[in-house]
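Q: Could we go through this structure together? I would like to begin with the contact between chains and then turn to some local details.

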Protein chains: 2
Amino acid sequence: MPRPPFSRLAADLPDTVPFVGPETIERRLGRPFRARIGANESGFGAAPQTIAAMQAEAPEAWKYGDPENYDLRAAIAQHCGVRATEIAAGDGVDSLLGLAARLYINPGDPVITSLGGYPTFDFHVVGFGGREVKVPFVDYRENLDGLLAAVEREGAHLVYLANPDNPMGTWWPASDVSAFMDALPEDTMLILDEAYGELAPAGTLPDIHPLRPNVLRMRTFSKAYGMAGVRVGYVIGEEQTIAAFNRVRNHFAISRIGQAGAIAALGAQQWLRETVAEIITCRDRLGKIGRNNGLTPIPSATNFVTMDTGSNAAFARAILEALATRGVFIRKPGGPGLDHCIRISVGPHEALDILEAELPGAIAEAKAAEG
Amino acid sequence: MPRPPFSRLAADLPDTVPFVGPETIERRLGRPFRARIGANESGFGAAPQTIAAMQAEAPEAWKYGDPENYDLRAAIAQHCGVRATEIAAGDGVDSLLGLAARLYINPGDPVITSLGGYPTFDFHVVGFGGREVKVPFVDYRENLDGLLAAVEREGAHLVYLANPDNPMGTWWPASDVSAFMDALPEDTMLILDEAYGELAPAGTLPDIHPLRPNVLRMRTFSKAYGMAGVRVGYVIGEEQTIAAFNRVRNHFAISRIGQAGAIAALGAQQWLRETVAEIITCRDRLGKIGRNNGLTPIPSATNFVTMDTGSNAAFARAILEALATRGVFIRKPGGPGLDHCIRISVGPHEALDILEAELPGAIAEAKAAEG
């Protein structure tokens, strides 16, 4: 029987999904995780005033959220030192990455990114028919020179860089990122994913000004602000570029509760500083737990620590699976050259206590399986 | 200075937006509306247990929502009498319409819809390069025969029908819709938008079974369930069709709070029945208010009443603007043949009291301006 034909682009897309959620694994295992430290969520939670603002908005959520996100963009603009017209808000960076892909990719266009980089960016590039050209990490860092060379070799108009990086947690100082931007052709758009920016050491994020016509900087409330399940992110760019998001975005995408929560979160900067300090303390502890178990933690500017297992992808996978059966959810990088590592999100001490108790057994089990 | 080039599709898109939000008008007027009865939101609110569920989930929203929406889809499936694999959930019907457009439209493809129909569907069709062929309403109803004739004439693989309809509030009984589906070519996909389905009289929605390979039925928590600002909708279809949404959807799109709220809402069927009865009572009153002011309410199966002003688009626009300055937010249809009407959402009695007090003055002002 004939069926309605998919579009040429959609017909060829794979059925793969960017991430398997912890709930899927929980359903498979038949019990909930005791430590949820795999998706770089923040177990430190959102600020009390953020939670209160969302709860207070719940009875008002019969109304659509403001499709201009006016108050939210005003608050972000003030926070970042730009104008509201230089901000587009969206329901998370994932969504904004999809919109950017749609704005800039023709089927067949080369798009430059890192091999083993953020799967959801890959998902969107493939989804809009882009041809990904992937540059391997060097020393567990994104290869700025390599990315630039690929842009020039391919004549690419779109390149993606995460700084700090996911899944490795490494980073380049602002000066290197600025030099990268300076060297980029004027007609190549850089998507600079700064989702982990609030967690990075001072001097990691380049100055906002001057805004460049060929840079989009993406930020989120999902990580340091502890609002992953609320879905609010934003992108900073030159006014003319930002205006184009209106052509393709879902204008009512950000929930009313999310807008209220994000505005409250921006007002909680003292809480944010204290929470980031707490995350860094726990990040140090997480690294020690890894070292005590024979793993080599890679220096991190994020809320996760990726650890070199000193072995191979199968071994890393075995640790991950052994931890899952022990009630601990973690993830691992998937790219060649990175996939012998495991990636553990920084949880609060209670979560790390569980990891600390379970990691030795999981590693022993992985070694036995290797044996 | 050269800039990064937009994709060919994005470069040609207009800067128009589907809807101007009431907040935009409030900012222009410098004060909030006293009666917000323009966006077909439900001033009757969400169920108490829905609000409570969202508030309870707020502290948990540091976790991403389940990307499979497993529990939510299971609850919807049970509610609708289908399998979970026959449901895709999304952050509102607006988003699902965009995904369907992306799945089915090649640039240049004809897409059949009604002239003056849902602007957000138009936004998505244009956004993916479709060529819209618009069929005028007949007697304020979508023209089923005309839509079918256009499908056949154009060889279109995609057609959109809202039943009950927005912006007119009219509807076809299930038997006519079923006959329409029977007559549709097997390789033409029907998007059947049933956003207002819970508000329609019995016998309006065709049976769910048999599921057809060429029908996608869209429903939402935004209208009768009173959750517009939460962003949850779903689409029912054959398993093979539904699976394709995974290729293009934002897997983490539905907030954790939204998933919890929608599940609770499905459990509140007694509340829903009572609320729909209340909405229908107020819909009758809204019609009377219109008639008392010389307007002709069009029979409605929705939570709004569209009213024929007996004049022209300028007059309808003048009423709308006069009401806005009096603190009452309403909207109007934009399509030729419909645009002499105004569209007023059914609010609770307090909102209708304000409308009742302000409508005579607004109409007098519009008549004076017509003068």
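A: The answers below take up the interface, the salt bridges, one helix and one tyrosine.

Q: What kind of model is this?
A: This is a predicted model.

Q: How many residues does each chain bring to the contact?
A: Chain A gives 83 residues to the contact, and chain B gives 83 residues.

Q: And what area is buried between chain A and chain B?
A: About 7,500 Å² is buried between the two chains, and carbon and sulfur atoms give 56% of that area. A:Trp62, A:Tyr64 and A:Arg247 supply 12% of the area that chain A buries against chain B, more than any other three residues.

Q: How many polar contacts and salt bridges cross the interface?
A: There are 41 residue pairs in polar contact across the interface of chain A and chain B. The salt bridges across this interface number 8.

Q: Which helices of chain A supply at least two residues of the side that touches chain B?
A: They are H1 (8-11), H2, H3 (48-57), H5 (93-104), H6 (119-127), H9 (239-248) and H10 (256-266) of chain A. The largest share, 6 residues, comes from H9(A).

Q: What is the make-up of that side by class?
A: The side of chain A that touches chain B has 38 nonpolar, 24 polar and 21 charged residues.

Q: Turning to salt bridges, how many are there over all chains?
A: The whole structure holds 44 salt bridges. One of them is formed by the side chains of A:Arg27 and B:Asp66, at 3.1 Å from N to O. This pair crosses between chains: A:Arg27 is in helix H2 of chain A, and B:Asp66 is in the loop between helix H3 (48-57) and helix H4 (70-80) of chain B.

Q: Are A:Arg27 and B:Asp66 buried or exposed?
A: A:Arg27 counts as partly exposed because its relative accessibility is 29%. B:Asp66, in contrast, has a relative accessible area of 8% and is therefore buried.

Q: What does A:Glu57 pair with?
A: The side chain of A:Glu57 meets that of A:Arg256 in a salt bridge, 2.9 Å from N to O. The two lie in distant parts of the chain, A:Glu57 in helix H3 and A:Arg256 in helix H10 of chain A, 199 residues apart. A:Glu57 is buried, with a relative accessible area of 18%, and A:Arg256 is buried as well, at 15%.

Q: Which residue of chain B forms a salt bridge with A:Arg256?
A: That residue is B:Glu23, and the closest N and O atoms are 3.4 Å apart.

Q: And what about B:Arg153 and B:Glu154?
A: Their side chains meet in a salt bridge at 3.9 Å, N to O. B:Glu154 is partly exposed, with a relative accessible area of 26%, whereas B:Arg153 is exposed, at 58%. Elsewhere, salt bridges that share partners join A:Glu23, A:Arg36, A:Glu41, B:Glu57 and B:Arg256 into one network.

Q: A change of topic: how many residues has helix H12 of chain A, and what is its span?
A: H12(A) covers residues 313-325, which is 13 residues, and reaches 19 Å from its first C-alpha to its last. This is close to the 18 Å expected at 1.5 Å a residue.

Q: Which residues of H12(A) are buried, and what do they pack against?
A: The buried residues are A:Phe315, A:Ala316, A:Ala318, A:Ile319, A:Leu320, A:Ala322, A:Leu323 and A:Ala324. They pack against helix H2 (22-29), strand S11 (328-329), strand S12 (341-345) and helix H13 (349-370) of chain A.

Q: What is found at the start of H12(A), and what follows this helix?
A: At the start, a side-chain oxygen of A:Asn312 comes to within 3.3 Å of the backbone nitrogen of A:Ala314. The helix is followed by A:Gly327, whose phi is positive, near 90 degrees.

Q: Lastly, where is B:Tyr225?
A: B:Tyr225 is in the loop between strand S7 (215-220) and strand S8 (233-236) of chain B. With a relative accessible area of 2%, under the 20% cut-off, B:Tyr225 is buried.

Q: What surrounds B:Tyr225?
A: Beyond its neighbours within four places in sequence, the contacts of B:Tyr225 include B:Gly45, B:Ala46, B:His79, B:Trp271 and B:Leu272. B:Ala46 is 179 residues away along the chain, yet the two C-alpha atoms are separated by 5.7 Å. A polar contact of 3.1 Å joins the side chains of B:Tyr225 and B:Gln269.

How values were computed:
Residues numbered from 1 in each chain as written. Chains lettered and ligands numbered in written order. Predicted model: local features only at pLDDT ≥ 70, side-chain atom pairs only at ≥ 80, totals over all residues. Heavy atoms only, no water. Helix = DSSP H or I, 4+ residues; strand = E, 2+ residues; numbered from the N terminus. Expected span 1.5 Å × (residues − 1). Buried < 20%, exposed > 50% of the residue type's maximum accessible area, 1.4 Å probe, protein only. Contact = heavy atoms within 4.5 Å. Polar contact = N/O pair within 3.5 Å; in protein donor to acceptor, adjacent residues only side chain to side chain. Buried area = accessible area lost by both parts, 1.4 Å probe. Salt bridge = Lys/Arg side-chain N within 4 Å of Asp/Glu carboxyl O. Nonpolar A, V, L, I, M, F, W, Y, C, P; charged D, E, K, R; others polar.
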